[in-house]
Amino acid sequence: MADLVEKVKLNRIGSSHVTPSLVNSALSIHGTIAAFPHLNDVITVDMSNHKVESLECRHCDGESTIMQVKVLAAGDLTIIVAGTIGGVVKIWDAETLRLITTYTLPMRQEMQVDRQNYAKGIEIVKTSQGYSLIVGTNFGNLHVFVKEGVSFLHENVQEEVHKDPIADIATNGKEGDLTVEGCRFAVADEAGNISVWSVAPLIPILSFKAVGESLTAVCMRNDLVIASTMLGKILIFSQTSEALTCEISAHTRSITAICMHPTRDLVASVSEDTYINIWNLEGLDSKEIEAIKSISVKDLMICGVQFFGDEPSNVAALGYDVEAIHVISGSSIAA
């Protein structure tokens, strides 16, 4: 079957552009809601009808360029979270697009002399008290927010594990898949360090080191922690063996985003090299990793990828400075 790649044109909001910024893991999708950063704004797209909205993230006391946007579920509340240069975290109700929380991450006095704070690495985890939002920074700190009603309150900061900029944060299961005791999340930084955390209690329990690598993104599935690198590699670690189990030379340039299929052992990766690759991990035990799709979108510097849809087997990808979402139909992905 021929590959079906649909270019979904995004309509401008007035005269404003709706192109993705050149950041890693630029695209996030939950249900039918997609979101990505455009400079100081969050662009949202309803994937069912392609309606485009814009959420302003500017603030008056400093730089507000967005580093990452996530669409996340906290029980029956779906939220859109943006982290900015300047260390501001903004949270909207994804259904009403109402701003529900704005918080400026605190900095120690000695940090302020060296560099500006920014927020990057965003994930929701289920805890015994409800839900917590984890937000990373370029200082390696992890800020913890707790859900109170429809708002999120800053609770504490974890400062001792990572000392380098956080690249990405991911959890090991979707809503309803895990008990609180089984919920874990992985934190990857730009110096090649990965920590794995439990949520009950909130403590680091494992660590991995990708020697000589700068990590760009991370995802999880059960025992596996999967990270991507600036050198175009996908690294697969086992929590059970506490070791690197597989290394894939996946792209010729930096990998900008990876994502795990919600139910199947598939990983999608995208890169500055214009390729969207889909990897089948079913043969991981025998070290037989198969690329079931490898599609190049000419002249597109791809910066985001997500599985979505009813299956969900469709794949959506974003390219820098292009007002469109590229969609690979699930019917063209091998079973």
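A residue counts as buried under 20% relative accessible area, as exposed over 50%, and as partly exposed in between. Tyr-103 has 25% relative accessibility, so Tyr-103 is partly exposed. That residue is a good way into this structure, which is a predicted model.

Start with the strand that carries Tyr-103. Strand β9 covers residues 99-104 and pairs with strand β8, residues 88-93. The two run antiparallel and share 5 bridges. One of the pairings involves Tyr-103 itself: its bridge partner is Val-89. Between β8 and β9 the hairpin has 5 residues. Leu-97 takes a positive phi there, near 60°.

Now widen the view to the sheet. Strands of a sheet pair through backbone hydrogen bonds, either parallel or antiparallel. Here 4 strands form an open sheet with antiparallel pairing, in the order β6-β7-β8-β9. The edges are β6 (66-74) and β9, and each pairs on one side only. On average, neighbouring strands of this sheet are turned by 15° against each other, direction ignored. At the β6 edge, 8 bridges join β6 to strand β7, residues 77-84. These two strands run antiparallel. Val-71 has Ile-80 in β7 as its bridge partner.

Return to Tyr-103 for its side chain. A pair of aromatic rings is described by the distance of the centres and the angle of the planes. The structure holds 3 aromatic pairs. In one of them, the ring centres of Tyr-103 and Phe-145 lie 5.4 Å apart, with the planes at 90°. Planes over 60 degrees apart count as edge-to-face, so this pair is edge-to-face. Tyr-103 sits in β9 and Phe-145 in strand β12, so the pair ties together parts 42 residues apart in sequence. Phe-145 has a relative accessible area of 0%, so Phe-145 is buried, whereas Tyr-103 is partly exposed.

A second pair joins Phe-185 and Trp-197. Which geometry does this aromatic pair have, stacked or edge-to-face? The centres are 5.8 Å apart and the planes differ by 10°, and the pair is stacked. Phe-185 belongs to strand β15 (residues 184-189) and Trp-197 to strand β16 (residues 193-199), so this contact ties together parts 12 residues apart in sequence. Phe-185 is buried because its relative accessibility is 1%. Trp-197, at 1% relative accessibility, also counts as buried.

Next come the pockets. Rolling a probe the size of a water molecule over the atoms shows where empty space is left. The second largest pocket has a volume of about 240 Å³. Its lining has 16 residues, and the closest to the centre are Thr-127, Gln-129, Ser-132, Val-146 and Glu-155. Four elements give two or more residues each to this lining: β10 (119-127), β11 (130-137), β12 (142-148) and β13 (151-158). The lining divides into 7 nonpolar, 6 polar and 3 charged residues.

Finish further along the chain. Another open sheet of 4 strands has antiparallel pairing, in the order β18-β19-β20-β21. β18 (215-221) and β21 (243-249) each have a single partner strand, so one side of each is left without a neighbour in the sheet. From one strand to the next, the twist averages 20°. At the β21 edge, strand β20 (residues 233-238) runs antiparallel to β21, joined by 6 bridges. Ile-234 finds its bridge partner in β21 at Ile-248.

Conventions:
Residues numbered from 1 in each chain as written. Predicted model: local features only at pLDDT ≥ 70, side-chain atom pairs only at ≥ 80, totals over all residues. Heavy atoms only, no water. Pairing = 2+ DSSP bridges. Axes fitted to C-alpha atoms, helices over the stretch in contact; angles between N-to-C directions. 1 Å grid on protein atoms, 1.4 Å probe; cavity = no way out; pocket = protein on both sides within 12 Å on 5 of 7 lines; lining within 4 Å. Points joined across faces, edges and corners; volume = space filled by probe spheres on them. Nonpolar A, V, L, I, M, F, W, Y, C, P; charged D, E, K, R; others polar. Phe/Tyr/Trp six-rings, centres within 6.5 Å; stacked < 30°, edge-to-face > 60°. Buried < 20%, exposed > 50% of the residue type's maximum accessible area, 1.4 Å probe, protein only.
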